[in-house]
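Student: Please take me closely through one part of this model, the site around the ligand. Then connect that site to the rest of the structure.

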Amino acid sequence: MTNLKLTGVEKTYAGNINVLNDINLDIKTGELIVFVGPSGCGKSTLLRMIAGLETITGGELTIDGERMNDMPPAQRGIAMVFQSYALYPHMTVRDNMSFALKLAKKNPAEIDAAIEKVAKTLQLTDYLDRLPKALSGGQRQRVAIGRSIVRDPKVYLFDEPLSNLDAALRVATRIEIAQLKESMPDSTMIYVTHDQVEAMTLATRIVVLANKGVAQVGSPLELYERPENEFVAQFIGSPAMNLLSGTVVDTGDFTTVRVENGGGVIRSSVPSSAELKGTSVNIGIRPEDMQPTTDDNFAFENRVEIAEALGEVTQVYFKPQSPGSTPVIAKLQGIHRDVRTQTMRMSADPSKVHLFADGRSLLYR
Amino acid sequence: MHPALQGLLSIVLGVGGCVAYFYFSNQFLDKVLFPGRGPNAGRNITRANMIRPWLFLLPAIAALSIYLAYPVVETLRLSLTERLPGNQSQFVGLANYQQMVSEPKFWEAMRNNMLWLLVVPAFSTALGLLAAQLSDRVRWGNIAKSLIFMPMAISFVGAAVIWKLVYDTRPVDQDQIGVLNALYLFFGGSEPNTWLTLPVWNNFFLMIVLIWIQTGFAMVILSAALRGIPEETVEAAIVDGANPFQVFFKIKVPQIMGTVVVVWTTITIVVLKVFDIVFAMTNGQWETQVLANYMYDKLFRANDWGVGSASAMIIMLLVSPILVWNVYNARKEMR
Amino acid sequence: MSGIAGTKSSLTWAVHLSLAAMVLLWLFPTAGLLVSSFRTADQIATSGWWKSLSASEQNLTLRTDAPDQQVNQNGQFVIQGNLFDESSQSQISRWGTNSRSISDYAAGDTAELRKGGTVTVQTNGDYVMQSDEPFTGKRGTRIFVTAKSPPEFTLRNYNYVLFDPSNREGIAKAFFNTLTVTIPATIIPILVAAFAAYALAWMDFPGRALLIAVVVGLLVVPLQLALIPLLRLHNDIGIGKGYVGAWLAHTGFGLPLAIYLLRNYMVGLPKDIIENAKVDGATDFQIFTKIILPLSFPALASFAIFQFLWTWNDLLVALVFLIDSTGDTTVMTKQIVELLGTRGGNWEILATSAFISIAVPLAVFFAMQKYLVRGLLAGSVK
Ligand SMILES: Nc1ncnc2c1ncn2[C@@H]1O[C@H](COP(=O)(O)OP(=O)(O)OP(=O)(O)O)[C@@H](O)[C@H]1O
Ligand SMILES: [Mg+2]
């Protein structure tokens, strides 16, 4: 049973540059954890601390209950796949794959068998005696993955492994990784990516990093349906969730909010207690949940400035509610030809209306 | 023992020694001093990794301090002392420097060195730039470069022989075998000159040897710099109506100024250390003395360590602006 | 730029011509040495080397055989033979018997001799001297000829300089001595520098930046400063003058450049590869030997060439640290300087010795030019 645990982990670089603070995570066997977050938020740093490539400046990392802070990388039972593949350019594919095993003084027959087996699953058998420079990008990526599998680690670490591949290959390789994970149910993987689709499709749980800490941990759908805070709400999903400021006018099993700046009154299925009445909140509606309405219950009414017809959907940008604020976006199903410059009234199902007070979701109050 | 055998043995010993040092010191660190096992494994490994860089660096630091850092200090000390009989020495302050500046030979060497410093880097760089620009524009440019670069591989002594043949002089009634005299007579010179004994001019004949060697170096580096210039800037200038000379002097040269400076300073350092050419061709006679040869004279012919060291310090003083500038740049770059 | 419309072709020609002129100018001095090393002493001394390449007309002063070779044929005293060496293919066009009128006669003509008798000279140098009186004197008669001779070269100089056991100034021993200095003096600093460069490039320790700055500073310290202190040091610790001292000195003086070049190169290697090796369980020592060294081959080669050229061509270090009063350990540069002093006029020996000493660096230069250029660029363009 592999259990990887981070307790109060911190990272401060030389010169008092603090990049991560109080990270707590509990990762169980067989999970595929994806780290996402804005660029520079410390995803790679956290991964590299787990790998042992960066010192952990505070807190504790344990794998299977054993403290790992001071262990060198090789003794942590991890394998890492780098964005640049990091294949040894002067070694053949076979030598690349066997390097770690040879260093660990495994017996040659065992090494050969392991390599053959992995090469077969990854369709690398024909390339075993080639140098990395004679391989395509996708093949190199597979060698990098194969190289980590051969070592049979407890934890796999991936740092944006697909970002150097072109779009089509990316999809194919993503599916391969998913199948690979399927075939190794006991392996634990930690995966850093910028790509939402990768995160949503691969992860058993996603860790959203922001502001030097963890913004939320949860399954992909949890993050989508029940974001804990405005940051996660806007980070997951594309285009980002619309936020409109308003005031609570009615509480109970449903909460009713009057939207400011010429908005209407809209109901949310998020329950609230009576003392919230009169406080200001932000309502959040995903573009894909926006619907045109003629009803009196609506979120807002405004003129359409830009309409992007993508075929299956039409993305509609409304005139900003107040000058300088971000425009509200709605995704309308199908083709809508003449919506530009029209004024539309938009609403959403109460179950799709999120409520945030001081940036935190009322769901978790 | 036959020197070749001795050489072979020393290669084995020297190289083997180096390898053995690195291997066993690492083994010792990891297995004996801080074993990476047992209860303190993690801490031990961290400690071993703090020490390891110094293991890797030790031989280099030792060699650098003994062979370069210590001599600088020691030469400074020697330049302030006088040797007494029986391996004694006595502090004499600046007396050696005073004696040195009272010698006309020293001032001759200084004057010549300054002349070298002005002429050699300037001509080498200019000719190198010319060769780089020309050879980049023809298809046989690589062969041309290779041939102009070739003197770089020739020793200063070999070059001295080569150029002595060029400067050779025969009596007037014989065929001249030195090209320079042959040409001189061909173009109407009255009688052959012994070029290396013509005061002041002979300095230039010595400098030509170094320019001949260094031009290739300048060319190689400047050629790389020229190729690094974005093609668009040149094309933009052509569209703007610049002629080839304007393109070269107004567009290309300004963009490689940094490299020109680097080439210039590198050649300057070579010039300051120039010894072999003068030693082999004139040995400082006929007013061709330079500092490095003057110093050698003092140290090993006159056996005057005090003045010899003082003149060495003068050379050090002359390179130190470049030293400071280099260090400053290197530090800036590392940030 | 060849594709730009309206580029003047006259300018292109000017470029070709000026570059060709420059190349010839640069090649000419070395060519002179090379050609001279294949000529005999006489040839070198009497005509410029550039004349030896074409069949040239030369004015030569030759001598007939001495009077003691004369024979009496039917009351006529006769000396006959050939003015040239056996192998010569020179052809005489005009000749004379007087230094003031050296072309009075054509080949085949007969001339009166001042001291009596006649001489006939043929195109190929055959001559017949006849007189009623016996020829007197110790030396043969001077004949001034204008002869056309084809280029003529010989390997005799090389044989003499390299292999002749009676030649005490032969360069063979110096050649081996130079090799003995050069090889260890090239390999040892590479090893020492490679480890140091790795530490400076990829290991983290306090004082690293300072050390790098020190190396950069030492890069330009003139080795002149080191002569006396180190000679004293070597004497004090008992190395004295000899190979060991020379190796150590070359190692010390070569290290800053070696460390600087190698560090610059190693820093450029991809970080991921090194980290991956760490994850794979390689120790620093293994990373160094199995990853860094093979990948740094171009930089190692660059420095090896520099150091080889520098130690092979060095004079100063050899003079100060190597060559003792017995001269047993003399190197080629020193030997040539000595020849310049004692045999300044013997160009056949000088040229041949000098050419032997520059042949090896030239071979290395042409074979490994790529690495040399790369090293130069890494070492100076920043
Ligand atoms: N050696 C260092 N010294 C100081 N700060 C550093 C160092 N390395 C990284 N950082 C900082 O740490 C922060 C986190 O970097 P990290 O590489 O982990 O980001 P990331 O989330 O992986 O970004 P990306 O998505 O762009 O890869 C960045 O702000 C970076 O500037
Ligand atoms: Mg990253």
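Tutor: A backbone N or O atom of Gly42(A) lies 3.0 Å from an oxygen atom of ligand 1. Two side chains add polar contacts. Tyr13(A) places a polar side-chain atom 3.2 Å from a nitrogen atom of the ligand. Glu160(A) places one 3.4 Å from an oxygen atom of ligand 1. Taken alone, ligand 1 exposes 640 Å², and the protein buries 60% of that. Bear in mind that this is a predicted model.

Which elements give two or more residues to the shell around ligand 1? They are strand S2 (17-27) and helix H1 (43-51), both of chain A. H1(A) supplies the largest share, 3 residues. The shell includes Lys43(A), Ser44(A) and Thr45(A). Ser39(A), Gly40(A), Cys41(A) and Gly42(A) are also around the ligand. So are Ile17(A) and Val19(A). Tyr13(A), Glu160(A) and His194(A) complete the list. By class, the shell has 4 nonpolar, 6 polar and 2 charged residues.

Now follow strand S2 of chain A away from the ligand. Ile27(A) is found in this strand. Ile27(A) counts as buried because its relative accessible area is 1%, under the 20% cut-off. In sequence, Ile27(A) and Met189(A) are 162 residues apart. In space, their C-alpha atoms are 9.3 Å apart.

Next, the aromatic pairs. The count comes to 34 over all chains. One of them joins Phe158(A) and Tyr191(A). This pair is tilted, with 5.5 Å centre to centre and 40° between the planes. Phe158(A) lies in strand S7 (residues 155-159) of chain A, and Tyr191(A) in strand S8 (residues 188-192) of chain A. The two are 33 residues apart, and the pair links distant parts of the chain. Phe158(A) has 1% relative accessibility, so it counts as buried. Tyr191(A) has 0%, so it is buried too.

A second pair leaves chain A. Phe56(B) and Phe195(C) meet edge-to-face, 5.1 Å centre to centre, with 80° between the planes. Phe56(B) lies in helix H2 (residues 41-79) of chain B and Phe195(C) in helix H4 (residues 172-202) of chain C, so the pair joins two chains. Both Phe56(B) and Phe195(C) are buried. Ring pairs place both in a cluster. Its chain B members are Tyr21(B), Phe22(B), Tyr23(B), Phe24(B) and Phe56(B). From chain C come Phe195(C), Tyr198(C), Phe285(C) and Phe288(C).

Rings in chain A also meet charges. The charged end of Arg147(A) sits over the ring of Tyr88(A), 5.0 Å from its centre. Arg345(A) has its charged end over the ring of Phe298(A), with 4.2 Å to the centre.

Now step back to chain A as a whole. Chain A has 8 helices and 21 strands. Along the principal axes, its C-alpha atoms fill a box of roughly 75 × 45 × 40 Å. Of its 365 residues, 50% count as buried.

Some backbone details in the loops of chain A deserve a check. Ala86(A) is found in the loop between strand S6 (78-81) and helix H2 (93-103) of chain A. Its phi is near 55°, a positive value in a residue other than glycine. Ala86(A) is buried, with a relative accessible area of 3%. Asn211(A) also has a positive phi, near 50°. Asn211(A) is found in the loop between strand S9 (205-210) and strand S10 (213-218) of chain A. Is Asn211(A) buried or exposed? Asn211(A) is exposed, with a relative accessible area of 74%. The peptide bond from Ser238(A) to Pro239(A) is cis, with omega near -5°. Pro239(A) is found in the loop between helix H8 (230-235) and strand S11 (242-250) of chain A.

Last, one helix in chain B. Helix H13 (residues 291-301) of chain B is mostly covered, with 8 of its 11 residues buried. Among them are Leu291(B), Tyr294(B), Met295(B) and Lys298(B). Just after H13(B), Asn303(B) takes a positive phi of about 55°.

Methods. Residues are numbered from 1 along each chain as its sequence is written. Chains are lettered from A and ligands numbered from 1 in the order in which they are written. This is a predicted model: local features need pLDDT of at least 70, side-chain atom pairs count only at pLDDT 80 or more; totals for chains, interfaces and linings use all residues. Side-chain values use heavy atoms; hydrogens and water are left out. Rings of Phe, Tyr and Trp (its six-membered ring) pair if their centres lie within 6.5 Å; planes under 30 degrees apart count as stacked, over 60 as edge-to-face and the rest as tilted. Helices (H or I, at least four residues) and strands (E, at least two) are DSSP runs, numbered from the N terminus. Buried means under 20% relative accessible area, exposed over 50%, partly exposed in between (1.4 Å probe, protein chains only). A charge sits over a ring if NZ of Lys or CZ of Arg is within 6 Å of the ring centre and within 35 degrees of the ring normal. A residue is near a molecule or strand if one of its heavy atoms lies within 4 Å of it. A polar contact is a pair of N or O atoms within 3.5 Å; within protein, one must be able to donate a hydrogen and the other to accept it, and residues adjacent in sequence count only if both atoms are side-chain atoms. Accessible areas come from the Shrake-Rupley method with a 1.4 Å probe; for residues, only the protein chains shown count as cover. Ala, Val, Leu, Ile, Met, Phe, Trp, Tyr, Cys and Pro count as nonpolar, Asp, Glu, Lys and Arg as charged, and the others, Gly among them, as polar.
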